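Hi everyone, thanks for making the time. I'd like to walk you through a structure this morning, so please have the viewer open while I talk.

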Amino acid sequence: MANVLTQEQIDFYRQNGFLHVENALTEDEVDELASYMDEAMEETDGKSVHNSRNNGSYYRVLNQKVNTWRDHAGMGRYATHPRISRMALELSGANGIRLFHDHALWKMPQDSKPTPWHQDFPYWPMNESGALSAWIPMHDVDEHNGCMMFVPGSHKAGKLTGINLAEPENIFDFVKGTEFETRKPVIVPLKKGSLTFHNGLTFHAAGSNMSDAPRRVLAIIFMPDGTTYNGKPHLCTNGQNFVENEPLHGGLFPLLAKA
Ligand code: SIN
Ligand code: NI
């Protein structure tokens, strides 16, 4: 398959640790995905994992369901979407890209809290960095309803301590005295059909949702083929026989695109 991103976009991502891609999906695709995600969020059993309303303060940050693709074939079509997977492959520079997981990330209206500054990679059971997320809103997003913000170049800070998203530490305390402490974040409003990618090491955050509708987002997490398991418990690997320091592979982490 020919490249879907320009070299300029790839260079921007490598330098800044994030990328905004306009018109990555058509309006019809986003509407179809939104209706699948509404269904997936309502299902109460299956293999996906939903944090509940009873989970108080974290629910106010994110109403989150992990691995919707394992229950809902429509979600599977989007979590494995060929064009988005291809973009992830090109940004990663790897020879192949695998799905790690998807999650619905809804920020509920009225009582929501911001998503604090954090890196994703410390939560993932991987030895090598390089995994990245596509963040796809079902509607326009801006500062009023919780769009994303990124600290450019912060993926070069390396792996820090994982932040508790419900009772957050200040990530900038971990980089005191470095160039990352004071670097100005970039706020990225998006039009429906557009998406962002961010490296698992990039500092990112989102404001609270001050609109009167849920902020509905699908995030897809991709990892370079050959990424190895670090042996730590994670809900995507729990109950499976993955061996420490061996590659994450197989049907739960399918290979989606190859160079
Ligand atoms: C959010 O959707 O508010 C946060 C997404 C992320 O942390 O990747
Ligand atoms: Ni994150």
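**A walk through the model**

Let me start with one residue: Thr237 is buried, at 4% relative accessibility. You will find Thr237 in the loop between strand E11 (215-224) and strand E12 (255-258). Before going further, please keep in mind that this is a predicted model.

What does Thr237 touch, leaving aside residues up to four places away in sequence? The list is Pro125, Tyr229, Lys232, Phe242, Leu248 and Phe253.

Now stay in that loop between E11 and E12 and find Asn245. Here the accessibility reads otherwise: Asn245 is partly exposed, with a relative accessible area of 48%. With residues up to four places away in sequence set aside, Asn245 touches Asn127, Thr228 and Tyr229. If you want a distance to try in the viewer, take the C-alpha atoms of Asn245 and Leu5: they are separated by 32 Å, and the two residues are 240 residues apart along the chain.

Let's step back to the whole chain. The protein chain has five helices and 12 strands. Its radius of gyration is 17 Å, close to the 18 Å that the globule rule gives for 259 residues, so the chain is as compact as a globular protein of that length. Along the principal axes, the C-alpha atoms fill a box of roughly 45 × 45 × 35 Å.

How much of the chain is buried? Buried residues make up 54% of the 259 residues. Among contacts with a separation of 6 or more, 83% come from residues 24 or more positions apart.

On the outside, the protein chain exposes about 11,500 Å², and carbon and sulfur atoms supply 49% of that area. For those of you who think in electrostatics, there are 23 positive and 31 negative charges, and their mean positions are 3 Å apart.

Next, the metal. Which residues coordinate the nickel ion, ligand 2? The donors are His118 through NE2, Asp120 through OD and His204 through NE2, at 2.0 to 2.1 Å. In sequence, these donor residues of the nickel ion follow the spacing H-x1-D-x83-H. His118 lies in strand E5 (residues 115-118) and His204 in strand E10 (residues 204-206), so the pair ties together parts that are 86 residues apart in sequence.

Are those two histidines, His118 and His204, buried or exposed? His118 is buried, with a relative accessible area of 5%, and His204 is buried too, at 3%.

On to the helices, beginning with H5, which covers residues 82-92. Eight of its 11 residues are buried, so helix H5 is largely enclosed by the rest of the structure. The buried residues of H5 are Ile84, Ser85, Arg86, Met87, Ala88, Leu89, Glu90 and Leu91. You may notice that Arg86 and Glu90 are both in that buried set. As a reminder, an α-helix has 3.6 residues a turn, so residues three or four places apart point the same way. Just after H5, Gly93 takes a positive phi of about 75°.

Then there is helix H2 (residues 27-42), where Leu33 is found. Leu33 is buried, with a relative accessible area of 0%. Beyond residues up to four places away in sequence, Leu33 touches Leu25, Met75, Tyr78, Ile136, Met138 and Leu218. One of these partners, Tyr78, is 45 residues from Leu33 along the chain, with the two C-alpha atoms separated by 7.0 Å.

Last, two backbone angles for the torsion enthusiasts. Asn67 has a positive phi of about 65° although it is not a glycine. Asn67 lies in the loop between strand E3 (63-66) and helix H4 (73-79), and it is buried, with a relative accessible area of 2%.

Gln110 is a residue other than glycine with a positive phi, near 70°. Look for Gln110 in the loop between strand E4 (96-107) and E5. Is Gln110 buried or exposed? Gln110 is exposed, with a relative accessible area of 68%.

That's my tour, and I'm happy to go back to any part of it.

Conventions:
Residues numbered from 1 in each chain as written. Chains lettered and ligands numbered in written order. Predicted model: local features only at pLDDT ≥ 70, side-chain atom pairs only at ≥ 80, totals over all residues. Heavy atoms only, no water. Donors = N, O, S within 2.8 Å, 3.2 Å for Na, K, Ca; no water. Helix = DSSP H or I, 4+ residues; strand = E, 2+ residues; numbered from the N terminus. Buried < 20%, exposed > 50% of the residue type's maximum accessible area, 1.4 Å probe, protein only. Rg over C-alpha atoms; globule rule 2.2 N^0.38 Å. Contact = heavy atoms within 4.5 Å. Areas by Shrake-Rupley, 256 points an atom, 1.4 Å probe, with all protein chains shown as cover. Lys, Arg positive; Asp, Glu negative; His and termini not counted. Charge placed at Lys NZ, Arg CZ, Asp CG, Glu CD.
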